[in-house]
Amino acid sequence: MNWAHLKAFVWLRWRLSVNQLTRSGPGGAFVSAIFTLLMAAGGVFTLFIGLVIGWLALGTAPTRTVMMVWDGAIVAFVVFWMVGLMSELQRSDAISIDRFLHLPVSPASAFLINYLGSSVSLSLVLTLPAMVGLAAGLALSRGPRMLVLFPLVATFVLMMTAVTYQFRGWLASLMANPRRRRTIIAAVPLLFVMVFQLPMLWNNFGPGAQQRREARAERRRLERDRAAGRITPEEYARRRPTTSSSDDDDATTRLLNMTLPPGWLAYGAETAAEGRVWPALAGVLGMGVIGAASLRRAYGTTLRLYRGDFNRGRRSAPSAIPAAASSQVKAAHRATTLVDRRLPWCSERVSAIAVTGFRSWMRAPEMKLMLLSPVFMLLVFSGMFTSQSGESWELMRPLAAQGLTGLMLIFGMIGPVGNQFGYDRSGFRAFVLSPAPRRDILMGKNLSLLPFALATMAVAVVLSQQFRPMRVDHLLGLLVQLLPMYLMFCLAGNLMSIVGPLALKAGSGMPVPHQGIRSYYPLLFMPVVLLPLGLTLIPLGIEALLWAMNRFAWFPAYLVLGAVQAVLTVGLYRIVLDWEAGLLQRREQWILDIVGSKAE
C-alpha cells in the first residue's frame, strides 16, 4: 500500500470533519488550522487528565471504583462517537471507491484507506488520549500487570470503529429512500438514548427486582416505625435488611460488563487490578475477533459494490398474471385500501379526511418521533412504577394512573394536536379550497389522531394496573375517562392550531426559526391544557368526597359518573366544534400564509 496515499486521504478526511464543524468554506483554511491546533491541545489535555486520575486518584482505590471509572470512560467514548456518526449519516466509504480506480492501489488498500479515514474524527481525538492516559496512570500506580490495559484499549477502539464502519454501509443503503432517511434521523437518537437505560431497566425489572423492591419497602417501614418510637434502635438494627442498593448496583454493573462487549474493557481493568490478567486477555481476544469479523464483512460489501453485484439477485421475477387478470387484481386491491374505507357514525367528508389523515400520519417520521417520546419518558421514569408499588391509598391509584395518562397524552400528542395545520404545510391549501364544512375538517383531523392517542394512553393504563393494581370499577372508570380526556384535549388543540399556527421543517417536526412570540405557544399550551383535562377528575373527586363523608361508599361513583361525563363531553365537543369551525373559516387564509409560505 502507498503510505503517501494513506496519509493524504486521512488528512483530507480530517479536514472534511473540521470544515463540517466550523462551517468553513474554501477561504477558511486559517479557521481550520486554528481549530486543528485547539483539538490537538484538547487531546493533550485529556491525556494529562487521564494520567493524573489513573496515577494519583486510582492508585489505592477499590477495584470496583476502577471498574466504574472505566465504565464512565466507555460511556463518554460511545456517546461522542455515536454523536459524530449520527451527525454525518454518510455512505460507508468516506470517499467513493470510484475515486481510487485510476490510482495504483488494490481494493484492499482502498478499503483500508477509507476505513482509517472514516475513523479519524473529532470524538476520537478527544476520548482516545484520555483512555490511553488513564491506562498509563494505572500502570504507574498499580504495577506492570496493568499494562494489559493498552491492548484492551486498542482492541476496544478497533471493535467500535469496525462495527460502526460496517453500520455506515447498512445505514446508507437504508437511507436511499428519503422518507426512510427522515425516519432514521428521527428514531435513532432516541433509540440510542434508550440503550443507556438498559442498566436501570435491568435493576427494576430483571431477576431479583421483586426482592429488591420488598427489601426497600421493608427498610422504609422500619424507618417509619423507628421514627414513631414503635421499635427500639437495637430492634431496628437487627431487623433492617443487610443487602444495600449499592451492592445490587455493583453486581448489576459487573454482570453487564461481563455480558456486553463494550464492557469487557472495564471488567478487564477490574480483574487486572485484582491481580487476575486472564479475563483481560480474553477480552482482548474477544474484541479483536469482533473487530476483525466486522472489517471482513465490510470488505466483502465493498467488493460487491466495486464489482456492481451488490443488488444482484434481489429483483423479483416478472409476474405471470395476464394483463386483464392483473388489472382486475389491482382494481380489487384499490377498492380495499385504507383510504377507500368508510368510518361508521360520521359523514362521508369526515370519514375521508380521517382515513387520509391517519394514513398520512402512519407514513410521517414526525409521528414516529412523537410516539417514541412518551415511551422514552416511561423508560426514564420507570422507577416510579416499581417504588412503593401496592402501598398507596386505594383512591390514589386511579388518580395517579389518570395523571400519568394525561401526561402521556400531552407529551406524545401536543405537536400533532396543538399544531394540526403546521404538519400539512402547503398541503393546507387543499382544505382552504375544499368545499367541505370547516367543522368536518376539524372533526376528521381529530379522528385521524384518535388511534395514536388511545394507544399512547393505553400504555400508561396497562403499566399503572401492572404495578399499582386498581379495583375493577376504578379500572373500568379510567378506561371510560380516556374518551372525555381526548375530546377535551382536542378542543384545546383545535383552538391552539387556529390562533397560533407554526411553520415546521419537513421531516423533523421542528419549527422554522424567526416566528416571533408564536414559537412559545407550545410551552404555554402545556400548562393551560391541564385545566380542561383536570375537569375529567370530577367523578373521582365526588367518589373521594363520598368516602370522606362515609356515605354511599359502596356506590361506584367514578365509573357511573364517568360514563355520564363522557356523554356530556361528547355534546360539549359538538357545540364547541361549531364555534371553532367558524373561527377557522375566518382565519384560514392567515394560517395558510404562515404554514405554507414559510415552510417553502
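Which residues do ring pairs link into a cluster? The answer is F421, F428 and F431. The legends below take this cluster and other close-ups in turn. The model is predicted.

**View 1. The whole chain is built from helices, without strands.** The secondary structure comes to 25 helices and zero strands. The chain has 600 residues, and 43% of them are buried. Among contacts with a separation of 6 or more, 80% join residues 24 or more positions apart. About 31,100 Å² of the chain is exposed. Carbon and sulfur atoms supply 68% of that area.

**View 2. Ring pairs link F421, F428 and F431.** The chain holds six aromatic pairs. F421 and F428 form a tilted pair, with centres 4.8 Å apart and 50° between the planes. F421 is buried, at 0% relative accessibility. F428 is buried too, with a relative accessible area of 2%. F428 also forms a tilted pair with F431: 6.4 Å centre to centre, 45° between the planes. Why are F428 and F431 separated by about one helical turn? They are three residues apart in helix α19. F431 has a relative accessible area of 19%, so this residue counts as buried, the limit being under 20%.

**View 3. The largest nonpolar core has 56 residues.** M367, L409, M413, F428, L449 and F489 touch the most other members. Several helices each supply at least two residues of this core, including α15 (348-363), α16 (365-380), α18 (396-418) and α25 (557-597). The largest share comes from α21, with twelve residues. Nonpolar side chains tend to be buried together in soluble globular proteins.

**View 4. L409 has contacts with residues beyond its sequence neighbours.** Leaving out residues up to four places away in sequence, L409 touches I414, A453, M457, M485, Y486, F489 and L533. Two of these partners can be placed by helix: A453 and M457 fall within the residue range of α20 (438-467).

**View 5. Another core lies apart from the largest one.** This core has 34 residues. Among them are M67, V148, A269 and A280.

**View 6. F45, F48, I49 and I53 make a nonpolar surface patch.** The patch covers about 380 Å². I53 is found in helix α2, which spans residues 29-57. I53 is partly exposed, at 34% relative accessibility.

**View 7. E270 and R254 form a salt bridge.** The chain counts eight salt bridges. Here the closest N and O atoms are 2.9 Å apart. The pair links distant parts of the chain, 16 residues apart. E270 sits in helix α12 (residues 264-273), and R254 in helix α11 (residues 245-259). Which partner is buried, and which is partly exposed? E270 is buried, at 2% relative accessibility, whereas R254 is partly exposed, at 27%.

**View 8. R276 and E274 form a salt bridge.** Their closest N and O atoms are 2.7 Å apart. R276 is partly exposed, at 40% relative accessibility. E274 is also partly exposed, at 40%.

**View 9. K445 and D424 meet through their side chains in a salt bridge.** The N to O distance is 2.8 Å. K445 lies in helix α20, and D424 in the loop between α18 and α19. The two are 21 residues apart, and the pair links distant parts of the chain. K445 is buried, at 10% relative accessibility. D424 is partly exposed, at 23%.

**View 10. Salt bridges link R471, D473 and E543 in a network.** Side chains of opposite charge can pair when their charged atoms come close.

Methods: Residues are numbered from 1 along each chain as its sequence is written. This is a predicted model: local features need pLDDT of at least 70, side-chain atom pairs count only at pLDDT 80 or more; totals for chains, interfaces and linings use all residues. Side-chain values use heavy atoms; hydrogens and water are left out. Helices (H or I, at least four residues) and strands (E, at least two) are DSSP runs, numbered from the N terminus. Buried means under 20% relative accessible area, exposed over 50%, partly exposed in between (1.4 Å probe, protein chains only). Contact means heavy atoms within 4.5 Å. Accessible areas come from the Shrake-Rupley method with a 1.4 Å probe; for residues, only the protein chains shown count as cover. A nonpolar core is a set of buried Ala, Val, Leu, Ile, Met, Phe, Trp, Tyr and Cys residues joined through side-chain atoms within 4.5 Å. Rings of Phe, Tyr and Trp (its six-membered ring) pair if their centres lie within 6.5 Å; planes under 30 degrees apart count as stacked, over 60 as edge-to-face and the rest as tilted. Patches are made of residues with over 30% relative accessible area and no salt bridge: like charges are joined within 9 Å, nonpolar side chains (Val, Leu, Ile, Met, Phe, Trp, Tyr) within 5 Å. A salt bridge is a side-chain nitrogen of Lys or Arg within 4 Å of a carboxyl oxygen of Asp or Glu.
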